[in-house]
Each structure stands twice: as structure tokens, then as C-alpha cells.
Amino acid sequence: MVFQMESRTLKILYNKEVSPGYFRLGLEWKAPRIFAGNFVMLRVSDGLDPLLRRPLGIYKVLGPVGKAGTKGNGVELLYRVAGKGTKILSLREPGEHINVLGPLGNGFPDPGRGKKALMVAGGMGIVPMYLLAGRLPSSTLLFGAGGAREAGIAKDFKGLGCTIKISTEDGSVGEKGLVTALLKEEITPCSVIYACGPEGMLKAVSKIAHEAGVRSYVSLERSMACGIGVCLGCAVKSKEHGAQENKNYRMVCSDGPVFDGAEIDWELFQ
């Protein structure tokens with residue numbers, strides 16, 4: 001998928017806490033087309049601390065959602081306060097401006113004729129699934145959350161026409177247990193799996209897909225410094241081995257974040 005990357009300063013439309021520790025950040029941006037799986041790199045403060053940008057996935061396009069990449073008058077980012085950078089971001093006010101590099105990364109491909117999309121999200125891995133569900137309204141979302149507070153994010157999907165099934169670690173919403181248990185119940189020979197979440201979950205999803213003989217696409221989450229494949233800090237090993245040294249390594253930011261699950265060397269993941 002080809003798109004135009006931009007670096008520009010954008011106006012903050014809103015930055016509101018929707019649940020303890022969870023925020024929606026709206027940015028005024030007539031961006032190039034956005035695909036499910038794209039992300040941006042934010043400079044969360046105007047100073048040099050923190051020095052590095054923070055990667056955040058694009059949750060919504062503030063405008064009509066179509067079958068292909070979407071355009072609008074802005075984007076919404078969904079994030080959880082997890083450290084110094086996101087804490088600073090949570091204090092930014094509407095009307096302020098923030099520098100953004102993006103859209104970055106590749107998106108999820110279409111499932112193909114006769115296939116049924118099965119989305120598997122763990123925690124904040126739900127972020128790229130909103131645009132995907134809007135593109136594939138007959139899909140099924142399997143969402144694994146820690147508890148009711150995190151599971152509440154899934155209410156956004158009710159108007160998109162997809163089927164929603166939830167599992168929580170504490171059993172407060174939906175089934176008690178891991179989302180991979182729901183996947184084993186729902187997977188069929190016609191399934192194409194789209195997944196985003198913790199690495200352990202993605203490893204398990206890829207294994208389940210392989211055993212069922214179906215294709216999986218996984219969106220990897222890695223710490224990033226540059227977002228454009230220069231710093232090599234987000235490298236993952238693939239199963240492709242070439243004659244050139246390190247040819248079998250891929251950059252999550254520039255080659256991904258979406259990969260065919262069968263490409264990744266999961267033995268290196270815990």
C-alpha cells in the first residue's frame with residue numbers, strides 16, 4: 001500500500017480521558033489515505049525531554065470510513081498512559097499543537113473472496129482493528145482484556161456490523177481466560193486471522209493459524225526510535241534466509257508493522 005508520509009505540526013482537537021488511564025487524542029489533519037494498521041510518531045513535548053518520539057496506532061479517521069484507505073478532517077489516536085512519554089501526552093490541551101510524523105507502516109490486506117475475517121486483539125492491540133472492522137463489516141472481533149475497564153473499549157465496534165466476543169482475565173466481562181481460547185472455537189477453514197496485541201499472544205495466534213492451515217496477519221508492537229527503518233531498533237527475525245548477512249531481519253516500522261504470521265521466526269519470542 002503506497003501513501004505519502006508527512007511531518008507536520010497539528011492542532012489538538014481533544015485529549016480526553018475515557019477510562020482511568022485511557023485517552024482519546026483527536027488531531028486536526030487532512031491526511032493522506034489512512035489504512036488499518038498505519039501508525040504515527042508523535043513528539044509529545046515541545047522540548048527535548050523526552051528526546052524520542054512515541055509511536056501510536058491510528059484508531060479512527062474523523063470523517064467517512066470507506067472500503068479502502070480513508071480520508072477525513074482528522075484522526076483519533078487511542079492510547080494508555082504507560083510511562084513518561086504518554087503521561088506528558090495526557091496533559092496536552094485542546095488548541096495546542098503537536099508534531100506528527102506519518103502515516104507510517106503498511107496495513108492489513110483484504111482477506112480475499114470467500115474468506116471470513118477473524119480479528120484477534122489483546123489489550124491496546126484493539127487500536128488497528130477499528131478501521132479494519134469498518135472496512136470488513138461482516139468480520140468477527142475477538143477481544144482479550146484484563147478486566148471490565150479495558151473491555152469497555154469494544155463498545156465502539158457495535159455500530160460497525162461486526163460480531164464481538166470478549167474474554168477477560170478476571171472473568172468480569174465475557175468468557176474468563178485468554179482470547180486464544182475464543183480463537184480456537186471460532187476458527188474455520190475459511191478464516192483469515194488479523195491480530196494485534198502482546199507478543200506472546202501473537203505467537204500463539206500464529207501457531208493456531210498454522211495448525212488450522214489458514215493465513216494470519218499480525219501487527220507487531222515494538223519500541224521505535226525513528227519510525228522509518230534507520231535506527232534498526234525494532235528489528236525482528238523472519239524465516240527467510242538470504243545470502244546477504246542479516247537479510248532475514250525485518251524492521252517493524254518500515255517493513256511492518258503488519259506481517260504474514262508465517263514469516264516471523266517466533267522461536268525468538270518469549
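**Exercises on aromatic pairs, a helix and two cores**

Tyrosine 130 and phenylalanine 157 are both buried. The model used in these exercises is predicted.

**Exercise 1.** Classify the ring pair of tyrosine 130 and phenylalanine 157, and state which parts of the chain the pair ties together.

Solution.
- Step 1: the search of the whole structure gives five aromatic pairs.
- Step 2: in the pair of tyrosine 130 and phenylalanine 157, the centres are 5.5 Å apart and the planes make an angle of 80°.
- Step 3: an angle over 60 degrees counts as edge-to-face, and this pair is edge-to-face.
- Step 4: tyrosine 130 belongs to helix 2 (residues 129-135), while phenylalanine 157 is in the loop between helix 3 (148-151) and strand 9 (163-168), so the pair ties together parts 27 residues apart in sequence.
- Step 5: with Tyr59, these two residues form one aromatic cluster.
- Step 6: the ring of tyrosine 130 also has the charged end of lysine 60 over it, 4.9 Å from the ring centre.

**Exercise 2.** Classify the ring pair of tyrosine 194 and tyrosine 217, and place both residues in the chain.

Solution.
- Step 1: the centres are 5.8 Å apart, with 20° between the planes.
- Step 2: planes under 30 degrees apart count as stacked, and the pair of tyrosine 194 and tyrosine 217 is stacked.
- Step 3: tyrosine 194 lies in strand 11 (residues 191-196) and tyrosine 217 in strand 12 (residues 215-219), 23 residues apart, and the pair links these distant parts of the chain.
- Step 4: both tyrosine 194 and tyrosine 217 are buried.

**Exercise 3.** Describe the two sides of helix 4.

Solution.
- Step 1: the buried residues in helix 4 (residues 179-186) include Val179, Thr180, Leu182 and Leu183.
- Step 2: these four cover an arc of only 150° around the axis, which puts them on the same side of helix 4.
- Step 3: Lys184 and Glu185, on the other side of helix 4, are exposed.
- Step 4: the packing partners of the buried residues of helix 4 include strand 7 (116-122), strand 8 (140-145) and helix 5 (199-212).

**Exercise 4.** Describe the largest nonpolar core and the contacts of leucine 77.

Solution.
- Step 1: the largest nonpolar core has 52 residues.
- Step 2: helix 2 gives the most to this core, with five residues.
- Step 3: among the residues with the most contacts inside the core are Leu77, Phe157 and Tyr194.
- Step 4: leaving aside neighbours within four places in sequence, leucine 77 is in contact with residues including Phe23, Leu27, Leu42 and Tyr59.
- Step 5: a second, separate core has 31 residues, including Ile193 and Cys253.

Note on methods: Residues numbered from 1 in each chain as written. Predicted model: local features only at pLDDT ≥ 70, side-chain atom pairs only at ≥ 80, totals over all residues. Heavy atoms only, no water. Phe/Tyr/Trp six-rings, centres within 6.5 Å; stacked < 30°, edge-to-face > 60°. Buried < 20%, exposed > 50% of the residue type's maximum accessible area, 1.4 Å probe, protein only. Lys NZ or Arg CZ within 6 Å of the ring centre and 35° of its normal. Arc of directions from axis to C-beta. Contact = heavy atoms within 4.5 Å. Core = buried A, V, L, I, M, F, W, Y, C linked by side-chain atoms within 4.5 Å.
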